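Trainee: Could we go through this model together and check what lies behind the words we use for it?

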Amino acid sequence: MLKKLGVILSVFILVSGCTSKQVDKKFSGSTLNLFTWDGMFPQEVLDSFEEETGAKINYSNFDYDETMLSKLSEAKGGDYDVVIADDYIIEVAIKEGLVAKLDKNKITTFENINPLFQNQFFDLNNEYTVPYGAGIPQIVYNPEEINFDVTGYEDLWNELLVNNVGITANYRVINGITLKTLGYSFNTNNLEEINEAKDKLLKLAPNIRVIDDNNLQDYLISGEISIGFMYNSQVFQALQANPNFKAVYPKEGLGFGLMAAFIPVNAPNSDLGHAFLEYINRPEVAAKCFEYLGYFSTNKAADSLINDELKPLIVFPEELEDLLKNAEIIENVSDEANELHTKVWEEFRQATN
């Protein structure tokens with residue numbers, strides 16, 4: 001009942017906020033072409049934007065970042081007004097001249113973005129993108145099933161965990177955490193370091209029960225595994241299902257990724273795209289978005305508005321900000337290094353079968 005009341009109050013705030021921030025519906029009759037993954041916004045947020053501006057939202061989605069890049073390239077940076085995608089693919093899109101520089105005068109809410117998530121490798125000067133959620137993978141385990149303290153990636157190799165570990169299916173992420181246990185970077189181009197990590201990764205194979213990118217949390221919730229290294233949206237679901245699970249920020253060093261929004265260089269309605277970015281970065285709107293997404297909030301002004309029950313899950317703890325400052329985003333590496341990563345992953349997958 002309290003949860004339902006909170007939703008009703010949040011909708012009231014959003015609608016009331018729209019009334020006080022009317023822009024005389026200057027976009028009446030216009031269409032915002034939004035291109036991102038399915039399920040990136042609560043419907044009430046999209047509805048309120050349409051009500052406030054008079055515009056309609058044409059929401060189309062893609063399955064993979066590479067699909068987005070292909071379609072955006074075919075359209076020569078046109079067709080879409082706002083795109084939300086992952087950091088590494090945005091770097092490529094910017095280099096290919098498909099992304100417009102933002103007019104910050106039209107996004108006064110940009111100042112709400114947490115500085116921790118700005119100035120990243122794909123947009124060093126914050127010229128092209130607006131962060132929209134951070135992914136910080138963590139280790140989650142059932143303390144009733146594991147009788148030792150888990151503090152980092154290294155613990156996944158513990159011989160007590162034979163056939164009891166679940167991991168995501170992203171080869172750069174899993175190869176990366178192995179590199180971190182050896183003191184190397186996620187983004188090394190040193191082939192000797194990658195080969196050294198291969199030897200260690202193969203030793204993890206006996207412990208692996210599940211490799212799943214989509215619903216890894218379900219295996220932990222059901223008890224099929226006792227520990228998993230998973231994306232934070234999955235951590236979010238696991239801890240909601242069982243608050244007794246423990247989540248760990250690995251001591252060897254965090255990896256994280258960012259989703260970000262941008263406006264294509266030939267957007268049909270760039271002004272409307274800017275208006276949408278202005279809107280989703282209002283604190284009250286951003287709070288609803290991150291509560292819905294289950295990703296870490298990248299909007300500092302929204303953090304205090306997030307439901308107290310959800311704050312531990314989607315607001316990065318201030319006491320650990322130094323840990324995040326020293327974290328690494330997985331970046332594009334050399335073709336030679338990436339080819340070796342792929343071979344390492346294939347060999348590891350075969351060893352787990």
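Mentor: Here is a short round of questions on some helices and loops.

Mentor: A word on the source first: this is a predicted model, where local features need pLDDT of at least 70, side-chain atom pairs count only at pLDDT 80 or more, and totals for chains, interfaces and linings use all residues. Residues are numbered from 1 along each chain as its sequence is written, and side-chain values use heavy atoms, with hydrogens and water left out.

Trainee: What makes helix 8 largely enclosed by the rest of the structure?

Mentor: Buried means under 20% relative accessible area, exposed over 50%, and partly exposed in between (1.4 Å probe, protein chains only). Seven of the 10 residues of helix 8 (residues 232-241) are buried, so "largely enclosed" is fair. They are Asn-232, Ser-233, Gln-234, Val-235, Phe-236, Ala-238 and Leu-239. Helices here are DSSP runs of H or I with at least four residues, strands are E runs of at least two, and both are numbered from the N terminus.

Trainee: Why is Asp-79 called partly exposed?

Mentor: Asp-79 has 48% relative accessibility, so it counts as partly exposed. You'll find Asp-79 in the loop between helix 3 and strand 3, with a positive phi of about 75° although it isn't a glycine.

Trainee: And what about Asn-119: which class does its accessible area put it in?

Mentor: Partly exposed, at 43%. Asn-119 sits in the loop between helix 4 and strand 4 (129-135), and its phi is positive too, near 55°.

Trainee: How do you know that the buried residues of helix 3 line one face?

Mentor: Helix 3 (residues 65-74) has Asp-65, Met-68, Leu-69 and Leu-72 as its buried residues. Looking down the axis, they fall within an arc of 95°, so they line one face of the helix. That arc is taken from the directions from the helix axis to the C-beta atoms. An α-helix has 3.6 residues a turn, so residues three or four places apart point the same way.

Trainee: What do those buried residues pack against?

Mentor: Strand 1 (31-36), strand 3 (82-86), helix 4 (87-95) and strand 10 (255-262), where contact means heavy atoms within 4.5 Å.

Trainee: Last one: at what angle do helix 6 and helix 13 cross?

Mentor: The axes of helix 6 (residues 191-204) and helix 13 (residues 335-352) come within 10 Å and cross at roughly 10°. That makes helix 6 roughly parallel to helix 13, since angles under 35 degrees count as roughly parallel, over 145 as roughly antiparallel, 65 to 115 as roughly perpendicular and the rest as oblique.

Conventions:
Axes fitted to C-alpha atoms, helices over the stretch in contact; angles between N-to-C directions.
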